[in-house]
Number of protein chains: 2
Amino acid sequence: MSAEIEDIIKRFQNYPNVVGIIIVDLFAIPIKTTMDYNLTVHYATLVSNLLSKASKMVHSLDMTNELTSLRLRTSKHEVVIVPEENFFIIVVQNPSE
Amino acid sequence: MSAEIEDIIKRFQNYPNVVGIIIVDLFAIPIKTTMDYNLTVHYATLVSNLLSKASKMVHSLDMTNELTSLRLRTSKHEVVIVPEENFFIIVVQNPSE
């Protein structure tokens, strides 16, 4: 899995305005991060909860449907969350001007 | 408030691929909808919960930050959620090809 993780980090680092990338396993434990560790653990826990709620919402509306990404736009950042089979990816970006 | 609501509905109806627009008050009660009523109530309840969790997440990470929109991309649709002061807006779109 680690080669796959390295590729993901490299891929998202090439996106513009990226300020952080976190890879989290399905138990909300960070596997890899480019951010401060305390902030990483905080994001991992909160996003894990939000992602499971969003996935349940999608299935509750239509069992055959799947959540493919979740994007939070805030006044300071954009947080993109991508669920994969064994982990999920959090990308924190400064909103493009 | 109703003139404001009508304007919002008109504005989002001009977006491409929009299949439904729902306006929900802060008690998760639908104010206006272009969708089937049962589906509307289902969306309103689920999104209300998800939105409050997402807002709490943003404030927990940074009290001075604000959630401005939430976007769920699924295999079938894109659901955009926009919190306003007294209500929130749900726009369901077919993903642009």
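**Fold and core of chain A**

Chain A comes with 2 helices and 5 strands, in what is a predicted model. Reading from the N terminus, the elements go α-β-β-α-β-β-β. The radius of gyration works out at 13 Å, close to the 13 Å that the globule rule gives for 97 residues, so chain A is as compact as a globular protein of that length. Laid along its principal axes, the C-alpha trace covers about 35 × 35 × 25 Å.

On to contacts and burial. Of the contacts in chain A that link residues at least 6 apart in sequence, 41% bring together residues at least 24 apart. Some 44% of the 97 residues count as buried. The accessible surface of chain A adds up to about 5100 Å², with carbon and sulfur atoms accounting for 52% of that area. As for charge, chain A carries 8 positive and 11 negative charges, and the mean positions of the two sets sit 7 Å apart.

Then there is the nonpolar core. In soluble globular proteins, nonpolar side chains tend to be buried together. Here the largest nonpolar core has 40 residues, and A:Leu72 and B:Leu72 are the ones with the most contacts inside it. Setting aside neighbours within four places in sequence, A:Leu72 touches residues of both chains. On the chain A side its partners are A:Leu50, A:His77, A:Glu78, A:Val79 and A:Ile81. From chain B, A:Leu72 picks up B:Ala54, B:Met57, B:Val58, B:Leu67, B:Ser69 and B:Leu70. The contact list of A:Leu72 is thus a mixed bag, with B:Ser69, A:His77 and A:Glu78 turning up alongside leucines such as A:Leu50 and B:Leu67.

Technical notes
Residues are numbered from 1 along each chain as its sequence is written. Chains are lettered from A and ligands numbered from 1 in the order in which they are written. This is a predicted model: local features need pLDDT of at least 70, side-chain atom pairs count only at pLDDT 80 or more; totals for chains, interfaces and linings use all residues. Side-chain values use heavy atoms; hydrogens and water are left out. Helices (H or I, at least four residues) and strands (E, at least two) are DSSP runs, numbered from the N terminus. The radius of gyration is taken over C-alpha atoms; the globule rule is 2.2 Å times the number of residues to the power 0.38. Buried means under 20% relative accessible area, exposed over 50%, partly exposed in between (1.4 Å probe, protein chains only). Contact means heavy atoms within 4.5 Å. Accessible areas come from the Shrake-Rupley method with a 1.4 Å probe; for residues, only the protein chains shown count as cover. Lys and Arg count as positive and Asp and Glu as negative; His and the chain ends are not counted. The place of a charge is taken as NZ of Lys, CZ of Arg, CG of Asp or CD of Glu. A nonpolar core is a set of buried Ala, Val, Leu, Ile, Met, Phe, Trp, Tyr and Cys residues joined through side-chain atoms within 4.5 Å.
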